[in-house]
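Thanks for coming. I will talk through one structure today, starting with its cysteines and then turning to how its chains meet. Please look at the screen.

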Number of protein chains: 2
Amino acid sequence: MENFSYHNPTKIIFGKNEVDRIGSEAALYGKKAIVLIGRGSAKKTGLYARVISSLNMYSIKSVTYEGIKSNPLYEDADEAVQFAKEFGADMVIAVGGGSVIDTAKAVAMGFYVEHSVWDFYLQKSKPEKALPLINILTLAATGTEMNSSTVLQDTTGGMKKGFSSPHIFPKLSILDPTLTYTVPADYTAYGIADLIAHCLEVYFGKGDSPLSDHYIASIIKLAVEYGPKVIAEPENYDARANIMWLATNALNGSLVNGKGNGDWGSHLYEHTLSVLYDIPHGAGLSIVFPAWMKHFSEKFEHKLAFLAEIVFGIHQGTSQEKASAFITKLEEFYCSINTPVRLKQAHIEETEMNRILENLKINNVSGRVYSMNENDHQAILEKMW
Amino acid sequence: MENFSYHNPTKIIFGKNEVDRIGSEAALYGKKAIVLIGRGSAKKTGLYARVISSLNMYSIKSVTYEGIKSNPLYEDADEAVQFAKEFGADMVIAVGGGSVIDTAKAVAMGFYVEHSVWDFYLQKSKPEKALPLINILTLAATGTEMNSSTVLQDTTGGMKKGFSSPHIFPKLSILDPTLTYTVPADYTAYGIADLIAHCLEVYFGKGDSPLSDHYIASIIKLAVEYGPKVIAEPENYDARANIMWLATNALNGSLVNGKGNGDWGSHLYEHTLSVLYDIPHGAGLSIVFPAWMKHFSEKFEHKLAFLAEIVFGIHQGTSQEKASAFITKLEEFYCSINTPVRLKQAHIEETEMNRILENLKINNVSGRVYSMNENDHQAILEKMW
């Protein structure tokens, strides 16, 4: 085990109808909130009205910034910062999935500076403080609701950039699984692919941490168990609740304890697909990760074999056979919940190869543990068709 | 899954030689510390001098309260509160195991009140604030280093009482596995029995939480794997590090998420043994828990069978056979690390039966899920000889 520090001060309120506690909880942080939402679903489902009503009950005034895209743009965050400043917000409330929360983190930091929030992501500036952030999560996927990271996009420059700071740990995230009943089957599946990818990034990281390895295998095993249930029965509370809690645990920092870091090469690789084709992040990951594992499988055969045993109960065969079986079974699982495993399924044809390779090269896409050069980029890409 | 709230703000610094960060970390909380230690080992090993030297480097003045017993007394905590008040402490630093940390939690609360700390444990008073608490852990066992609970004892009244408050979450706990190299084999084993018992208490609690069940099984599995290693090689860093991290995770509140609560009947039962015979808590638990599981096994056969599969890899046989095999295998494991599974091994003879039963009755010992009456007390006790 490697030395580590761990500190996660985010409070979680989890469960059926807990969303109605937003007013009383927000009252702890002030009287004026900027509320961030995406492009329609929070209003359509009535959730937005429910939130505003709860805030009103506690005399919390709000201004709303609407229209955050599923691959969120820093320009939108900058605009929301202006709303927040003009309004004199005491707090930021995100109602949505990872894109809304990641934007809200940027707004919370941006409130206290005069430059674009993008400067944080470009490592040109560091926040010294941030507005308190409260989230009402509507999509089980990214884990941002319980960590200190945010990823935004710059469409003109073709870049997706991440940023972390202890100042942007949410104060509170309300996880009400009933809010995910209306998430369509495709985005439900992409969220599951995303949470599994987070587990795998950490798993293939630096250093040994047996507890982490067992936790990771447990999360993937349960995702594989509850994934088909939640697709088949979108209003199955138990299935929705399990998937939601798995996604949070997959990226709340606890899994990396005892490891030096995760690899994150597959995520960077996927960012290229998101930027070039606006493909949903989780869908990109279910394509990239199997190809990446096949490419590097000789380097961590025993680790793949361990997952084969725990996740899929495969106890027969050599280590190599188990390793290979894990990747195959994982692809089969992705297919069963209809998240793509090949680029063609996302309507990206071989003619795009050079464009993708060029973007990977420009962005120096590589992992922290398993470095990738142009040959690796190409070999991995060829496995995606 | 049940609804729940989770909030654990304790920072963990984990790893080899991290103890030397105490000075710089403590400087965040003030200039004057009351340092609490037990009965000798911190001084004997040089740890105490190392801590004071690091505090001196950051100009932190300290006063030391020494002599906390392994079943800690509230009277000692009251005395330490007086030390802290006279000194005008800004913070409490505990250097030791669970008993020292639990006393330190009492001191942190007691600093701001005029009454005995015991009034908190008797539910006569609630703390409104507490001094910041920093721990340097020297024994892997209770998990108190990352939770908001404390247990103290009142010898005259024959009572052991627990108390919880969000104010006594430690600000920081430094977990340096090398500090546990000198823990003797018996206390190392009792610590392992303690951490397994914490997992089991939560496991047999109210409600279903599949992720929690898998995490619990993982912790017990790794305790069974690393337990014999750490006993055989007390200076095996990897084994010490794993056991230390397992113990913290077994009772940091994360396992109960999605469950209503743990059972905790076995712990209360064990408190009677500790109070009457000053038997180490972990040793008492390795005697009580198997007997308790045998007594109630019909009520949770499938849960025992699940543990048999994950922890001991037992995939053959009926659910009843697996359930029974789990208890047997766990007893064998306890025997292998020399923590007792029968009262006679702790030199408690059958002639003590009435005395024990009377104490159990006086204290209304029962579980939150599996209630116990006098017949249950006796049937369980008979299984301990």
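**Two cysteines and one interface**

Cys335(B) has a relative accessible area of 38%, so this residue is partly exposed. Before going further, please note that this is a predicted model.

What keeps Cys335(B) from forming a bond with the closest cysteine sulfur? The distance does: the closest cysteine sulfur belongs to Cys199(B) and lies 20 Å from the sulfur of Cys335(B), which is too far for a bond. For a disulfide, the two sulfur atoms would have to be within 2.5 Å.

Now the whole structure. Over all chains there are zero disulfides. Cys335(A) is therefore in no disulfide either, and the nearest cysteine sulfur to it, in Cys199(A), is 20 Å away. Cys335(A) counts as partly exposed, because its relative accessibility is 39%.

Next, the arrangement of the chains. In general, two copies of a chain are related by a rotation about an axis and a shift along it. Here, chain A is superposed on chain B by a rotation of 180° with 0.0 Å of shift along the axis, and the RMSD is 0.0 Å. That is the relation of a two-fold axis. Which residue of chain A comes closest to the rotation axis? Pro9(A) does, with its C-alpha at 2.2 Å.

On to the interface. Of the interface residues of chain A, 100% are also interface residues in chain B, so the copies meet through the same surface. Chain A brings 38 residues to the contact, and chain B brings 38 residues.

How much area is buried between chain A and chain B? The figure is about 3,200 Å², and carbon and sulfur atoms give 59% of it. Three residues, Met1(A), Leu211(A) and Tyr215(A), supply 20% of the area that chain A buries against chain B, which is more than any other three residues supply.

As for polar features, the rule finds zero salt bridges across the interface of chain A and chain B. Polar contacts do occur: twelve residue pairs between chain A and chain B are counted, with both residues at pLDDT 80 or more.

Which elements of chain A touch chain B? Strand E1 (4–6), strand E2 (11–14), helix H8 (210–232) and helix H9 (237–250) of chain A each supply at least two residues to that side. The largest share comes from H8(A), with nine residues.

That is the end of my part.

Note on methods. Residues numbered from 1 in each chain as written. Chains lettered and ligands numbered in written order. Predicted model: local features only at pLDDT ≥ 70, side-chain atom pairs only at ≥ 80, totals over all residues. Heavy atoms only, no water. Buried < 20%, exposed > 50% of the residue type's maximum accessible area, 1.4 Å probe, protein only. Least-squares fit on C-alpha atoms with pLDDT ≥ 70 in both. Contact = heavy atoms within 4.5 Å. Buried area = accessible area lost by both parts, 1.4 Å probe. Salt bridge = Lys/Arg side-chain N within 4 Å of Asp/Glu carboxyl O. Polar contact = N/O pair within 3.5 Å; in protein donor to acceptor, adjacent residues only side chain to side chain. Helix = DSSP H or I, 4+ residues; strand = E, 2+ residues; numbered from the N terminus.
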